[in-house]
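Q: I am new to this structure and would like a close look at a single part. Could you walk me through the metal site and the stretch of chain beside it in sequence?

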Amino acid sequence: MIIILKQGATEEEKQHIIDRVKEMGYGVNVSGVAQTVIGAIGVLQKDRDGLMEQLGALPYVERVVPVLKRYKLASIEFHPERTTVSVGDCVIGGERLAIMAGPCSVESEDQVLATARVVREAGATILRGGAYKPRTSPYEFQGFGEDGLKILAAARDACGLAIVTEVLDPHDVDLVCRYADMLQIGARNMQNYTLLREVGKARKPVLLKRGGMYPTIENWLLSAEYVLAEGNRDVVLCERGLPPYGDTNLRRNVLDLTAVPLVKELSHLPVIVDPSHGTGKANLVPALARAAIIVGADGLMVEVHPEPELAWSDGPQSLDFPAFQAMMRDLPRVAQTAGRRL
Ligand code: PEP
Ligand code: MN
C-alpha cells in the first residue's frame, strides 16, 4: 500500500509512519518530491485493512491507497517520479537518449575495439557485446566467456564507453560484475527467477529484456519486481520483439512498440527498444529505431558489426559501420520531435 502524506508533513511524522510499518515487519520505500509517498512493501491481506485505517486516521496523512497490482516496487503508484539509471557516464531515463551499440558476440579484440570506436564517434553512449551467448543450438558459438569479458573491459578502457553484457548463469553473476557496468538479462531468461534474484543482489544496473515463456507486460514487470525486491533499484526494461505469427523468413520477431507507452503508464522504470532482435533484419532497424524514439523509448540497443556477413551470430540483423553512422545522423531530429536529444 502507499501512504501519501499531506504537504508540510514533518520529518518526525514521516518517521513515525516508517517505524510503524517496519514494526509490523514490512519493508518501506520513500519517494515523492512535493509530497512524501511512503510505500509499505508486501503487506499481507490480514494486516491490510487495519493498517490502512490506523494510518489513514493520522492528521498528516492525506490518503492511504492499496496497490492491488501484483508488482509493487515496479509500479508507478509506488514511485510516481520516473526512475533514472546511471551506467558509467550515461543516464538512462533522462532527456538524453541512451544508445547501446556493438556486436552481438565478442569475436576478437580488434572487432570489439574497432566497433567501439566507430559507435562512440557516431554518438553511442554504451558499448554492448556478448561474452556468454544463449544459442538455440548447442553446436553454435557459445561466446568466449571470461576472455570475452576481458576484451570488453579493455575496450571500455580504450574508448571510455561503459559496457553492457549478458549474464546467463546465476553462478557467473559475480564474475560478470567484475568486468561489466550493466548486466543484461536476455529474453530467454526473463522468467529465470534464480538468475533474477541473483542480479537483484548485485550492485550493478540490470537491463531486463522482455521474453520468456509468457512474455506479457505484467510478467515482465513482475520479473523486474524480482530484481527490485532484492534491493537492486537500477532496472531498465528492454522491448526486443515477440515471435511472429509467420513470415519468419522476412522478419525474426514482431517488435511490440505498444509496450513502450503502455509500460510507461504502469511503471516508473526506463524502457529502451532493441530493433535489431526486434526485426532480425538490418534493413528494418533504422525505421524501427525512429519509431521507438517517437513512442517514448528512453534509448536503443542496436547490433553493429564491422562485417555483418562474417559475424559469428546475428549477422543478418547487424548494421555495418556506414549504416549505423547514417542512422545516427538521422536520429537527432527524431529525438527533437519526441522532446528528447541525443
Ligand atoms: C543479444 O542481445 O544478443 C540477445 C541474445 O538478445 P535476446 O535475449 O533479446 O535474444
Ligand atoms: Mn544478438
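A: Here is a walk from the metal site to a helix and the loop before it. This is a predicted model, where local features need pLDDT of at least 70, side-chain atom pairs count only at pLDDT 80 or more, and totals for chains, interfaces and linings use all residues. Residues are numbered from 1 along each chain as its sequence is written, chains are lettered from A and ligands numbered from 1 in the order in which they are written, and side-chain values use heavy atoms, with hydrogens and water left out.

The manganese ion (ligand 2) has as protein donors Cys104 (SG), His277 (NE2), Glu303 (OE) and Asp314 (OD), at 2.0 to 2.4 Å. Donors are N, O and S atoms within 2.8 Å of the metal (3.2 Å for Na, K and Ca); water is not among the atoms, so sites may look incomplete. Histidine 277 sits in helix H9 (residues 275-279), while aspartate 314, 37 residues apart from it, lies in the loop between strand E14 (299-303) and helix H11 (321-337). Helices (H or I, at least four residues) and strands (E, at least two) are DSSP runs, numbered from the N terminus. Both histidine 277 and aspartate 314 are buried, meaning under 20% relative accessible area (1.4 Å probe, protein chains only).

Glutamate 107 belongs to the loop between E7 and H3. Glutamate 107 is buried too, without a salt bridge (a side-chain nitrogen of Lys or Arg within 4 Å of a carboxyl oxygen of Asp or Glu). Its contacts (heavy atoms within 4.5 Å) include His305 and Trp312.

Next, the buried residues of H3, among them Leu113 and Val118, pack against strand E7 (98-102), strand E8 (126-128), helix H4 (146-159) and H11. After H3 comes glycine 123, with a positive phi near 115 degrees.

Terms used: Buried means under 20% relative accessible area, exposed over 50%, partly exposed in between (1.4 Å probe, protein chains only). Lys and Arg count as positive and Asp and Glu as negative; His and the chain ends are not counted. Lists of a residue's contacts leave out its neighbours within four places in sequence.
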